[in-house]
Amino acid sequence: MDPWVTDLFIDESRFSLNTDFHCTFIWREPGTRYLPSHVHEINNYGEEGLMAWTGIMLDGRIPLHVFERSSVTSIRNRDEVLEDYVCLFRGECGPEFILMDNNAKPHRALLSTNF
């Protein structure tokens, strides 16, 4: 049996029409660092956006899951991802199943790890 058949790779991404990564952009000429006239806030975090999750495996993919609210907590990870998708895949693969995630906080939380 191909060793990759039992691996499931999962990830989620946030999509927004606005920037939302807590950065303040500074556009300036060389030598004018920190002048208040050169600091322009582009956007604040919390604008409407959408969080989508999916998984891929050797012979296919899991349908795209869109979260109603854009943030994912360990509880939502367990209830909407692990229970609804990952457990089904694990049931098909058996004890050789391997879940590959990106070590995001909801994935590493004790609640998710114990589940």
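1. D101, in this predicted model, is partly exposed, with a relative accessible area of 22%. That figure lies just on the partly exposed side of the limit, because a residue counts as buried only under 20% relative accessible area. The side chain of D101 forms a salt bridge with R108, and the closest N and O atoms of the two residues are 2.5 Å apart. R108 is likewise assigned to the partly exposed class, its relative accessible area being 43%. The pair is one part of a total of three salt bridges that the structure holds.

2. A second salt bridge joins the side chains of R76 and E80, with a distance of 3.0 Å from N to O. Both residues belong to helix α1, which covers residues 74–93, and they are four residues apart, or about one turn of that helix. Is R76 buried or exposed? R76 counts as buried, since its relative accessibility is 7% and the cut-off for burial is under 20%. A reader tracing the surroundings of R76 may also look at P106: the two residues are 30 residues apart along the chain, yet their C-alpha atoms are separated by 8.3 Å.

3. The side chains of R78 and D79 meet in a further salt bridge, at 2.8 Å from N to O. Which accessibility class does D79 fall into? D79 counts as partly exposed at 29% relative accessibility, and R78 is also partly exposed, at 22%. For R78, as for D101, the class follows from a value above the 20% limit for burial and below the 50% limit for exposure, so the term "partly exposed" should be read with the percentage beside it.

4. On the surface, W4, V5, F9, I56, L58, I98 and M100 make a nonpolar patch of about 620 Å². Among these residues, M100 lies in strand β7, which runs over residues 98–100. M100 counts as partly exposed, because its relative accessibility of 36% falls between the limits of 20% and 50%.

5. The largest pocket holds about 300 Å³ of space. Its lining consists of 14 residues, and those nearest the centre of the pocket are L82, L99, S112, T113 and F115. Two or more lining residues come from each of the elements α1, α2 (105–108) and α3 (110–114). Which element gives the largest share of the lining? The answer is α1, which supplies five residues. In chemical character the lining is mixed, with seven nonpolar, four polar and three charged residues.

6. For the overall layout, the protein has three helices and seven strands. How are these elements ordered along the sequence? They follow the pattern β-β-β-β-β-β-α-β-α-α. Across the 115 residues of the protein, buried residues make up 27%. R76, in helix α1, belongs to that buried class at 7% relative accessibility.

Methods. Residues are numbered from 1 along each chain as its sequence is written. This is a predicted model: local features need pLDDT of at least 70, side-chain atom pairs count only at pLDDT 80 or more; totals for chains, interfaces and linings use all residues. Side-chain values use heavy atoms; hydrogens and water are left out. A salt bridge is a side-chain nitrogen of Lys or Arg within 4 Å of a carboxyl oxygen of Asp or Glu. Buried means under 20% relative accessible area, exposed over 50%, partly exposed in between (1.4 Å probe, protein chains only). Patches are made of residues with over 30% relative accessible area and no salt bridge: like charges are joined within 9 Å, nonpolar side chains (Val, Leu, Ile, Met, Phe, Trp, Tyr) within 5 Å. Accessible areas come from the Shrake-Rupley method with a 1.4 Å probe; for residues, only the protein chains shown count as cover. On a 1 Å grid over the protein atoms alone, a cavity is a set of points where a 1.4 Å probe fits but cannot get out, and a pocket is an open set with protein on both sides within 12 Å along at least five of seven lines; lining residues have an atom within 4 Å of a point. Grid points are joined across faces, edges and corners, and a volume is the space filled by probe spheres set on the points. Ala, Val, Leu, Ile, Met, Phe, Trp, Tyr, Cys and Pro count as nonpolar, Asp, Glu, Lys and Arg as charged, and the others, Gly among them, as polar.
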